[in-house]
Amino acid sequence: MCTALSLTAGGHLFGRTLDLEHSYGEAVVIAPRRFPLRFCCQSTQARHHAIIGVAHIRDGTPLYYDAVNEHGLAIAALNFPHSAVYGTTEGENWLAPYEVIPFLLGRCTTAQQAAVLLGGLCIARHAFSADLPCTPLHWLLADGQDCFVAEPRQDGVRIYRNPVRVLTNEPPFPRQLERLNDYLNLSALPAENRFSAGLNLTPCSRGMGAMGLPGDFSSQSRFVRAAFVSQNARSYHTADRGVARFFQLMACLTVPRGSVRLPTGDVETIYTSCCDAAQGIYYYTCAENPSLSAVALHRADLEWHTLFTHPLSLPLNIQWQN
């Protein structure tokens, strides 16, 4: 259960929620240009675009959940449990699912370039480690101009242009987009009486133009909700205001612990992120610490050769005012 969102209101902002039963020890990880990006099948990228995002690190290898490179290209991986179809590791033109983000961000500068490159590859079933099985995924790719969804299916990687710049989990993206037709009557404007010209009906509350907007935590409902709030978002004149408003939008997509219960545990939003793609600043909040934290890509030595790792700031941080 995750939601990813790309917003171009006054600059490109890109973020997501990570909704899981438990954390895997995530950190904000910067891969500088000279950190070797190694792949199972593809050649090692000894030098590449610098990358910042949240990842789980195992044996010096980052497993990125979402990330942005120094050129403003952003990618998020989301669970796609019922529809992802991976190929085999036979042949010479494949990537493991966990390699998609660093492979594309290391090489590409635009979403169009990344979509074309990924569309010509096979995503093969290959696990990150013995205790972390191969997760079924699809991806949201975005920059300030374009946005695409990439989904591994039976006939290969399907690429879709994404006009709403939103992605959740299931079903496949064309069906998510089609679902918006069921809500074309919603509006951010005050409600109007369309029920009957013969009845004197008036709205009893603000916000009634959006009555019927789904509020549950299913993937389809989160997609509709995210599309509605992002399509009605205003442009912001400063980066700080834009980031603050982005987190305000994401707040309606977070999953409180106890609201979704599985045999494996209660799902909650582990972290919510927003990256100012132009500035390379990765902002985030955590379930245990809703205060805003940030890591700046360009404050690191981007010509370095090892990872820069910043564990998520988990202790609750309260700003006392008296």
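**Exercise 1. Find the strands that helix α2 lies across in this predicted model, and give its angle to β11.**

Solution. Start with the helix itself: α2 covers residues 111-119. Next, follow it over the strands, and you will meet β9, β10 and β11. Finally, compare directions: α2 runs at about 155° to β11.

**Exercise 2. Work out how β10 and β11 pair, and which residue of β11 stands opposite A150.**

Solution. Strand β10 spans residues 147-153. Its pairing with β11 is antiparallel and runs over six bridges. Within β11, the residue facing A150 is I159.

**Exercise 3. Place these strands in their sheet and decide which ones stand at the edges.**

Solution. Write down the order first: β11-β10-β9-β6-β5-β4-β3-β17, an open sheet of eight strands with antiparallel pairing. Now look at the two ends. β11 (156-161) and β17 (308-311) each have a single partner strand, so one side of each lacks a neighbour in the sheet. To finish the picture, neighbouring strands are turned by 30° against each other on average, with direction ignored. Helix α1 packs on this sheet too, touching β4, β5 (61-69), β6 (74-79) and β9. The direction of α1 makes about 45° with that of β5.

**Exercise 4. Locate the aromatic pairs F39-F103 and Y98-F128, and say whether their residues are buried or exposed.**

Solution. A search of the whole structure gives four aromatic pairs. Take F39 and F103: their rings sit 5.3 Å apart centre to centre, with 85° between the planes, which is edge-to-face. F39 belongs to the loop between β3 (27-31) and β4 (51-58), while F103 is in helix α1 (residues 100-107), 64 residues apart. Both F39 and F103 are buried.

Then turn to Y98 and F128, also an edge-to-face pair, at 5.0 Å centre to centre and 80° between the planes. Y98 lies in the loop between β7 (94-95) and α1, and F128 in the loop between β8 (122-123) and β9 (137-142). The cut-off for buried is under 20% relative accessible area. Y98 has 15% relative accessibility, so Y98 counts as buried. F128 is likewise buried, with a relative accessible area of 15%.

**Exercise 5. Describe the largest nonpolar core, then the neighbours of Y282.**

Solution. The largest core has 63 residues, and V28, Y271 and Y282 have the most contacts inside it. Its largest share, six residues, comes from helix α4 (residues 219-231). Beyond its neighbours within four places in sequence, Y282 touches residues including V28, I52, Y271 and V295. A second, separate core of 35 residues includes V100, I101, C108 and V157.

Technical notes
Residues are numbered from 1 along each chain as its sequence is written. This is a predicted model: local features need pLDDT of at least 70, side-chain atom pairs count only at pLDDT 80 or more; totals for chains, interfaces and linings use all residues. Side-chain values use heavy atoms; hydrogens and water are left out. Rings of Phe, Tyr and Trp (its six-membered ring) pair if their centres lie within 6.5 Å; planes under 30 degrees apart count as stacked, over 60 as edge-to-face and the rest as tilted. Helices (H or I, at least four residues) and strands (E, at least two) are DSSP runs, numbered from the N terminus. Buried means under 20% relative accessible area, exposed over 50%, partly exposed in between (1.4 Å probe, protein chains only). A nonpolar core is a set of buried Ala, Val, Leu, Ile, Met, Phe, Trp, Tyr and Cys residues joined through side-chain atoms within 4.5 Å. Contact means heavy atoms within 4.5 Å. Two strands pair if DSSP finds at least two bridges between them. Axes are lines fitted to C-alpha atoms, for helices over the stretch in contact, and angles run from 0 to 180 degrees between N-to-C directions.
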